[in-house]
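Me: Hey, can you walk me through this one? I'm new to reading structures.
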Amino acid sequence: MRSGKTALALVTTSFIALTGSACYAEIAVSANDGKMVLENGVATVRKEPLPDTVSIIELSGASPRVVAELSAPASVVGPPSSVAIAPDESFALVTGAMKVDPADPTKAIPDDKLTVIDLKSSPPKILATLQAGAGAAGVSINRAATLALVANRSEGTVSVFTISGNALTPAGKIALGDAKSGPSHAMFSRDGATALVTRDGDNRISILSVDGTKVEYTKRDLFSALRPYQIDSTGNGEVALVGNVGMSGGDADTISLIDMRAKPIRVATTISVGQTPEALKMSPDGAYVAVNVVNGSNKAKTSPFFNDYGLLKIYRIAGTDLVPVTEAKIGHWCQGIVWSKDSKAVLVQCMVENEITPFTFDGKTLTKTAPIAMKVSPAGIRTAEP
């Protein structure tokens, strides 16, 4: 373990030496799980776990590249929205939903870690490691950078944190169903007055009211389809998109569009996309949504539902309709997606290949470019929300 940490420190130092400072033009933050691998279709703890890491990726320039890396708890368990970045890119939040069981190193158990990372220091550094709730998963920061929400999948709650500068203070928890309700990801509306929380354990999306630092469950839920998981909204905030991952039975699963303008808010459209939409992300201009369809690539090769590739699919958002545009093959057991600020590039994380695969997008076609090799498996990713 010592030699691994030493190597990581040297890598971080060399990246900073190349870049000269921590002032980047446009960044993504990737949370990488060193504990888990896929063995014959089963997520398994590595025999010799590696440190979890967080990578800072520079998106501007000729090609995306890792410019800094540090150790921090991360997890592939839960939606790949386990990262949030402040609107001014000054700090990032990373959750760690699972850790290796100290009593049985062949197993993973729920963790509650929330790490605050200073992105402006050179090199980036950890400011604080806080406790959220068991199974801390999807995390979001509001546009005013005054609140953060963490969905705790293993205890049925959402943790609330107030923000001052880059300092977070725990401000309580909101109970949503029982411990099996599976809160997965919390998303703020554009005006910050509402938050939506997916619950993959009991198949609903809960609506929270937000008034200053007061966050409450309205007791109203939306119903999209089986196991709503990652949720996202960008552009003018008039719609949100949610991926419904289904029951992993080989059936075609769905994504749903939520009309945020409707009074009350409602699910307006649901379409089939294929096996397991693990992640989705709207383009910053609000015109498109990219979907990572696992496509059975995480199943045992003997499974009748196995495919030797995943799919990155792009849909155009037309009012409350979703129109297919294009798709491209990607790797196995892929995770999070981010767009560049100009909505002309898409990056997708692939766990088995230990890489982040960039594509350019011209409004009609996806073109794969040189992948970014990662030392451990990339499991969650985010850019600053527009």
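Here is a short chat about the fold, the surface, a disulfide and one residue.

Reply: Before we start, this is a predicted model: local features need pLDDT of at least 70, side-chain atom pairs count only at pLDDT 80 or more, and totals for chains, interfaces and linings use all residues. Residues are numbered from 1 along each chain as its sequence is written, and side-chain values use heavy atoms, with hydrogens and water left out.

Me: Cool. How many helices and strands are in the protein chain?
Reply: The protein chain has one helix and 31 strands. Those are DSSP runs numbered from the N terminus, where helices are H or I with at least four residues and strands are E with at least two.

Me: And what is the radius of gyration of the chain?
Reply: It's 19 Å, close to the 21 Å that the globule rule gives for 386 residues, so the chain is as compact as a globular protein of that length. The radius is taken over C-alpha atoms, and the rule is 2.2 Å times the number of residues to the power 0.38. Those C-alpha atoms fill a box of roughly 55 × 45 × 45 Å, taken along the principal axes.

Me: What share of the residues is buried?
Reply: Buried residues make up 58% of the 386. Buried means under 20% relative accessible area, exposed is over 50%, and partly exposed is in between (1.4 Å probe, protein chains only).

Me: Switching topic: how many disulfides does the structure hold?
Reply: One, formed by C334 and C350 with their sulfur atoms 2.0 Å apart. The cut-off is a pair of cysteine sulfur atoms within 2.5 Å.

Me: Remind me what a disulfide is?
Reply: A covalent bond between the sulfur atoms of two cysteines.

Me: Where do C334 and C350 sit in the chain?
Reply: C334 is in strand β26 (residues 334-339) and C350 is in strand β27 (residues 345-350), 16 residues apart. Both cysteines are buried. Their link is right-handed, with 90 degrees about the S-S bond.

Me: OK, now V291. Which strand is V291 found in?
Reply: Strand β23 (residues 288-293).

Me: Is V291 buried or exposed?
Reply: V291 is buried, with a relative accessible area of 0%.

Me: Which residues is V291 in contact with?
Reply: Leaving aside neighbours within four places in sequence, V291 contacts several residues, including I255, P277, L311, Y315 and I337. Contact means heavy atoms within 4.5 Å.
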